[in-house]
Amino acid sequence: MDPELEAFIPFLPETDLTDPVTARKAFAERAAARPAPDTSNMEIEDRTVPADPDVAVRIYRPRQARGAIVWLHGGGMVFGDLDTEHPWAARIADGSGAVVISVDYRRAPEHRFPAALDDAYAVLTWAYEHAAELGIDPERIAVGGHSAGAGLAAAVALRARDEQGPPIRFQLLNEPGLDDGQETWSQRHFTDTPWHDRDKITTAWRHYLGSAPATPYAAPARAADLSGLPAAYIATAEFDPVRDEGIDYALRLLQAGVSVELHQWPGTFHGSQAILSAEVSQRQIAGLAAALRRALTS
């Protein structure tokens, strides 16, 4: 474990996903207590995307931005919203120079799969169709997210490919949750890791899927064919149950002819980049933003 991160482990809050309402409230309170990011160099606007039902988004527009990313927050598909994601969305926008469209997708267990996917896909379609109004290049739209949001972004890319939907330039997948099977080495061995452990992941999948079997649009690791998908940056944390499914997905993308940059961050755990004082966290965040900048300006 990175020593700068390890020092914080005794102080990490516990999240109980068996009680979604309480988990959301506690997460929101912690997020509200964090220092606000510097947003002086960007415009921020709340919008509503017409869909069934409508989807709330928050748009971060740095000066002279042309590319955009549809950004999907983490939280096991159970918690997280536009306000809790605000610091991360702002940092991605600031570091990449891209327009960030943060999506307030419906959460489980009240809204199980495919509600979140439908919301995310509706926002992608809206962004593409309203690119001129948004001041973005319709050929430079990426999808991305953290944790469950990264898995959701991967599912959006699969659906857009299969349905000949809007062209996606890039996938930015940070510590993605992709596999409901939980049979990888890291899933079987990292059963008591900080913040994110096997039991929490099992509970999150149960909330999201209910009793329905997972499809590739719910768990992208189940997709048999990964050809024709957008280029990807995939980041994984060393002490993380979902580490190996991210690495496996990267390798399968490569074997399907998709360009991939895979970055495995040593000494880290799931979500540890929230500890902003750690040097490795700063490099992780800078790496995400730089990868998006390269993808949307090349």
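Let's start with a pair of strands: S1 (residues 42–49) and S2 pair in the antiparallel sense, with 8 bridges between them. Together S1 and S2 make a hairpin, and 5 residues sit between the two strands. If you want a spot to look at, find Val49, which stands opposite Val55 in S2. Keep in mind as you look around that this is a predicted model.

S2 has another partner too. Strand S4 (residues 99–103) runs antiparallel to S2, and 4 bridges join them. Here the residue to pick out is Ile59, whose bridge partner in S4 is Ile101. How many of the 8 residues of S2 are buried? The count is 7, so strand S2, which covers residues 55–62, is largely enclosed by the rest of the structure.

Now for the nonpolar interior. The largest nonpolar core holds 58 residues, and the members that touch the most others are Leu124, Leu152, Tyr208, Tyr249 and Leu253. Helix H6 (residues 148–162) is the top contributor to this core, giving 10 residues. Take Leu152 as a way in: leaving aside residues up to four places away in sequence, Leu152 touches Leu72, Met77, Tyr105, Ala116, Leu117, Ala120 and Tyr208. There's also a second, separate core, made of 27 residues, with Ala89, Ile92, Leu172 and Val280 among them.

Tyr208 brings us to helix H8, where Tyr208 is one of the buried residues. H8 spans residues 198–209, so to speak a run of 12 residues, and reaches 16 Å from its first C-alpha to its last, close to the 16 Å expected at 1.5 Å a residue. Besides Tyr208, the buried residues of H8 are Lys200, Ile201, Thr203, Ala204, Trp205, His207 and Leu209. What covers them includes helix H2 (20–32), helix H4 (115–129), H6 and helix H7 (185–189).

Both ends of H8 deserve a look. At the N-terminal end, Asp197 acts as a cap: one of its side-chain oxygens lies 3.2 Å from the backbone nitrogen of Asp199. Just after H8 comes Gly210, which takes a positive phi of about 65°.

Next, move to the loop between strand S7 (231–239) and helix H9, where you'll find Pro241. Is Pro241 buried or exposed? Its relative accessibility is 0%, so Pro241 counts as buried. Setting aside residues up to four places away in sequence, Pro241 touches Thr184, Ser186, Gln187, Phe190, Thr193, His196, Asp197, Arg198 and Ile201. That list includes Asp197, the residue that caps H8, and Ile201, one of the buried residues of H8. For a sense of distance, the C-alpha atoms of Pro241 and Ala148 are separated by 13 Å, and the two residues are 93 residues apart along the chain.

A little further along the chain is Asp244, in helix H9 (residues 243–255). Asp244 has 13% relative accessibility, and because buried means under 20%, Asp244 counts as buried. Again not counting residues up to four places away in sequence, Asp244 touches Thr184, Trp185 and Ser186. Thr184 and Ser186 also appear among the contacts of Pro241.

Finally, step back to the chain as a record describes it. UniProt, in an unreviewed entry, places the feature "domain: Alpha/beta hydrolase fold-3" at residues 69–272. Over that stretch the chain is 39% helix and 19% strand, and the end C-alpha atoms are 23 Å apart.

Definitions and conventions
Residues are numbered from 1 along each chain as its sequence is written. This is a predicted model: local features need pLDDT of at least 70, side-chain atom pairs count only at pLDDT 80 or more; totals for chains, interfaces and linings use all residues. Side-chain values use heavy atoms; hydrogens and water are left out. A nonpolar core is a set of buried Ala, Val, Leu, Ile, Met, Phe, Trp, Tyr and Cys residues joined through side-chain atoms within 4.5 Å. Buried means under 20% relative accessible area, exposed over 50%, partly exposed in between (1.4 Å probe, protein chains only). Contact means heavy atoms within 4.5 Å. The expected span of a helix is 1.5 Å times one less than its number of residues. A polar contact is a pair of N or O atoms within 3.5 Å; within protein, one must be able to donate a hydrogen and the other to accept it, and residues adjacent in sequence count only if both atoms are side-chain atoms. Two strands pair if DSSP finds at least two bridges between them. UniProt positions are given in the numbering used here, feature names are shortened, and annotations may be inferred rather than shown by experiment.
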